[in-house]
Amino acid sequence: MHSRTPKVLHPILGRPMVDWVLNALTEAGAKDIKVIVSPHQVDLAAHLEGRATVVYQREAHGTAHALQQLNAKDLGGKDVLVANGDAPLITADTFNRLTQAHRESKAPATIASVDDPRRAAAPLVRAIAGEFDNIARRKGARDVLTNTNHEINVGIYCFDGAKLVEALA
């Protein structure tokens, strides 16, 4: 996308894309919403004022790096729901179902995925026994993986906050 406007501020049905995500999170019961923002995105930070706490990330190096910008004290002892700001079709029900599945599984992390052969996005890589191993990036993934694996990362996750803090240290 080539625009001076941050991607998440582009309107979808008359509202900035990020507003759809924030509304779904709020409707799902999220209480302490933090948004990771580049210091160069002053328009986005201004837009979020009063709706979310803005945390700055100087250089974007992926989701784990973004989470490392947060204070560990804010993560421990709770479920941490992570959502991409450019996913306006994710609903409160989806966030609630992901959180519920996470709590029932007692896993350190839960990731939402879909099986969609039409999309060239980040496929999930599973170990031999079927458990999650990693998220491959299409650019670096082997041809065999990109042609046969259609389970992709949706961009929402739920973490055990204490285990997340350990993993990010």
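Strand S5, residues 79-83, has two faces. Val 80 and Val 82 make up the covered face. Asp 79, Leu 81 and Ala 83 make up the uncovered one. The model described here is predicted. S5 pairs with strand S9, residues 151-160. The pairing is antiparallel and runs over five bridges. Within it, Leu 81 of the uncovered face stands opposite Cys 158 in S9.

Salt bridges were examined next. The count comes to six. One of them joins Asp 86 and Lys 7, with the closest N and O atoms 2.7 Å apart. This pair links distant parts of the chain. Asp 86 lies in the loop between S5 and helix H4 (92-105). Lys 7 lies in the segment before strand S1 (11-12). The two residues are 79 residues apart in the chain. Asp 86 counts as partly exposed because its relative accessibility, 31%, falls between the cut-offs of 20% for buried and 50% for exposed. Lys 7 is also partly exposed, at 41% relative accessibility.

A second group of salt bridges involves Lys 34. Asp 32 forms a salt bridge with Lys 34, and their closest N and O atoms are 2.9 Å apart. The side chain of Asp 74 also meets that of Lys 34 in a salt bridge, at 3.8 Å from N to O. Asp 74 sits in the loop between helix H3 (63-68) and S5, while Lys 34 belongs to strand S3 (residues 34-37), so this pair ties together parts that are 40 residues apart in sequence. Asp 32, Lys 34 and Asp 74 are thus linked in a network of salt bridges. Each member of the network is partly exposed: Asp 32 has a relative accessible area of 44%, Lys 34 has 25%, and Asp 74 is at 30% relative accessibility.

Asp 116 was considered separately. This residue lies in the loop between strand S6 (109-115) and strand S7 (124-126). Asp 116 counts as buried because its relative accessibility is 10%, and buried means under 20%. Which residues does Asp 116 contact, leaving aside its neighbours within four places in sequence? The contacts are with His 150 and Ile 152. Ile 152 falls within the residue range of S9 (151-160), the strand that pairs with S5.

Key. Residues numbered from 1 in each chain as written. Predicted model: local features only at pLDDT ≥ 70, side-chain atom pairs only at ≥ 80, totals over all residues. Heavy atoms only, no water. Helix = DSSP H or I, 4+ residues; strand = E, 2+ residues; numbered from the N terminus. Buried < 20%, exposed > 50% of the residue type's maximum accessible area, 1.4 Å probe, protein only. Contact = heavy atoms within 4.5 Å. Pairing = 2+ DSSP bridges. Salt bridge = Lys/Arg side-chain N within 4 Å of Asp/Glu carboxyl O.
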